[in-house]
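User: I'm new to this one and would like to take it a piece at a time. Can you show it to me before I start asking?

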Amino acid sequence: MARTIEKIKQELQEAFMTDATLQEKYGFAGTDKFDSKFSKVSIESILLYIVAASIWTLEKLMDTHRNEVEAYIEKMKPHTLKWYVEKAKAFHYGESLIEGTDKYLNADDAEGVVMPVTFAACSEDNATLYLKVAKSGPAALTENEKSAFESYMREIKDAGVRIDVISLDGDYLEATMTIYYNPLLIDAEGNSKTDGSSVVENAIRGYIENLPFNGEFRNNSLVDALQAVDGVEMVELGSIFSGQVAGSMTEVVAFCTPASGYFKFEGRTTLHITYIAYGN
C-alpha cells in the first residue's frame, strides 16, 4: 500500500539530516531536525517534496497494478470446493447481485438481510459438483428459497461447471440394539435412577445431533457414545438402517453419510432397544 507523500518526505528528510557529506557541507549536526534548519519554501524542502511526490506516484501505480493482477487471477482461476461452500452460505434471499460480480450491495450483517443457508457441503463426482445445503435447524430450504439459491449459484459458478443442489429433510434412522445396564444406576427403560432422565436416548440424540453437517455416521462411534453413559455396561448393535424414505431404507454397514447431510432425531429416528440388567 502506497505511503503518503508526507510520510515519504519525512523519511527523506531524516536520511538527508543523517548524511555525513551533507552535514559537513551545510554545517548541521546529526541530531538536528530538518525543519529547524530549512524552511518549507527552501529549495531543499521543495526538492525533497518533488522526490517524495514522484515516489508516491510510483507506489500508487504499483498498487493499481497489483490490484489488477489479483483481480485477473481471481477471475481466471477455477474455484475450490471450499469456495462453493463459502459462497453458498453467503447467499442473500430476495436480493440481486451487483452486476458482473459475485457480491451483494448489502453487507452480510446489514439489517433485513435474509441468509437462509446455514449449513453447506460440496463434493465432486463424475464432473458434477453436489452441493448439499440446509438452513438453521437443520432443515431443508423451501421451494422458493431453493429456486432462488439455484439461480444464484448459476450466476456465480465457473463456466462449464455442473452443480446439483441438494436440500432435503433430514434422513430417517432406525436402530435395533441391546443395552446391558447396571440396575443400580439405570432402570429397565434406560432412565437414570438419580434424576429420571432418559440417559440412553439422550446419548443417541446427542451423537446424532452433534455430527458435523454431511459428516459420517459410524456404528462404532454410536456404541462409544452409549458406553460413555454411567450405568451402561455393554452395547450390542443389532441393525441400523437409514435413508430418505421411511419405507425404503438401506442397512448401515459400519458407516454412512446421510443423503440430506444430516439426521433428525425427533420424528425421524426410531429406536428398538432391549434392556438387560447386567449380571442377571
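User: Leaving aside neighbours within four places in sequence, which residues is Ile-273 in contact with?

Analyst: Contact here means heavy atoms within 4.5 Å. With neighbours up to four places away in sequence set aside, Ile-273 touches Met-177, Ile-179, Val-200 and Ile-204.

User: Before we go on, what kind of model is this?

Analyst: Residues are numbered from 1 along each chain as its sequence is written, and side-chain values use heavy atoms, with hydrogens and water left out. Local features need pLDDT of at least 70, side-chain atom pairs count only at pLDDT 80 or more, and totals for chains, interfaces and linings use all residues; the model itself is predicted.

User: Back to Ile-273, then. Is it buried, exposed or partly exposed, and what is its relative accessible area?

Analyst: Ile-273 sits in strand β9. Helices (H or I, at least four residues) and strands (E, at least two) are DSSP runs, numbered from the N terminus. Buried means under 20% relative accessible area, exposed over 50% and partly exposed in between (1.4 Å probe, protein chains only). Ile-273 therefore counts as partly exposed, with a value of 22%.

User: How far apart are the C-alpha atoms of Ile-273 and Gly-190?

Analyst: Along the chain, Ile-273 and Gly-190 are 83 residues apart. In space, their C-alpha atoms are separated by 9.0 Å.

User: In what order do the 4 strands of the open sheet come?

Analyst: Two strands pair if DSSP finds at least two bridges between them. By that rule 4 strands make up an open sheet with mixed pairing, in the order β7-β6-β4-β9.

User: Why is one side of β7 and of β9 left without a neighbour in the sheet?

Analyst: In general, strands of a sheet pair through backbone hydrogen bonds, either parallel or antiparallel. β7 (250-251) and β9 stand at the edges, so one side of each has no neighbour in the sheet, and the reason is that each has a single partner strand.

User: Are β4 and β6 parallel or antiparallel, and over how many bridges?

Analyst: β4 covers residues 172-181 and β6 covers residues 232-243. Among the matched residues, Tyr-172 has Gly-243 as its bridge partner in β6, and Ala-175 has Ile-240. The two strands pair in the antiparallel sense, over 10 bridges.

User: And how many bridges join β4 to β9?

Analyst: β9 spans residues 269-277 and runs parallel to β4. One of the partnerships is that of Ile-179 with Tyr-275 in β9. The count of bridges joining β4 and β9 is 9.

User: Moving to helix α8, why do its buried residues line one face?

Analyst: α8 covers residues 219-227, and its buried residues are Asn-219, Leu-222, Val-223 and Leu-226. They line one face of the helix because, looking down the axis of α8, they fall within an arc of 100°. That arc is taken over the directions from the helix axis to the C-beta atoms.

User: What do those buried residues of α8 pack against?

Analyst: Their partners include two strands from the open sheet, β4 and β6. The complete set for the buried residues of α8 is β4, α7 (199-209), β5 (217-218) and β6.

User: Where is the cis peptide bond?

Analyst: In general, most peptide bonds are trans. Here, one bond has an omega of about -10°. Its proline lies in the loop between β2 (128-134) and α6 (143-156). The cis bond joins Gly-137 and Pro-138.

User: What is the phi of Asn-214?

Analyst: Asn-214 is in the loop between α7 and β5 and is partly exposed at 24%. Although Asn-214 is not a glycine, its phi is positive, at about 65°.

User: And what is the phi of Ala-254?

Analyst: Ala-254 lies in the loop between β7 and β8, partly exposed at 43%. It isn't a glycine either, yet its phi is positive, at about 75°.

User: Is Val-253 buried or exposed?

Analyst: Val-253 also belongs to the loop between β7 and β8 (255-256). Its relative accessibility is 63%, so Val-253 counts as exposed.

User: Last one: how far apart in space are Asp-158 and Pro-78?

Analyst: Asp-158 is in the loop between α6 and β3 (162-166), and at 15% relative accessibility it counts as buried. Asp-158 and Pro-78 are 80 residues apart in sequence, while their C-alpha to C-alpha separation is 6.6 Å.
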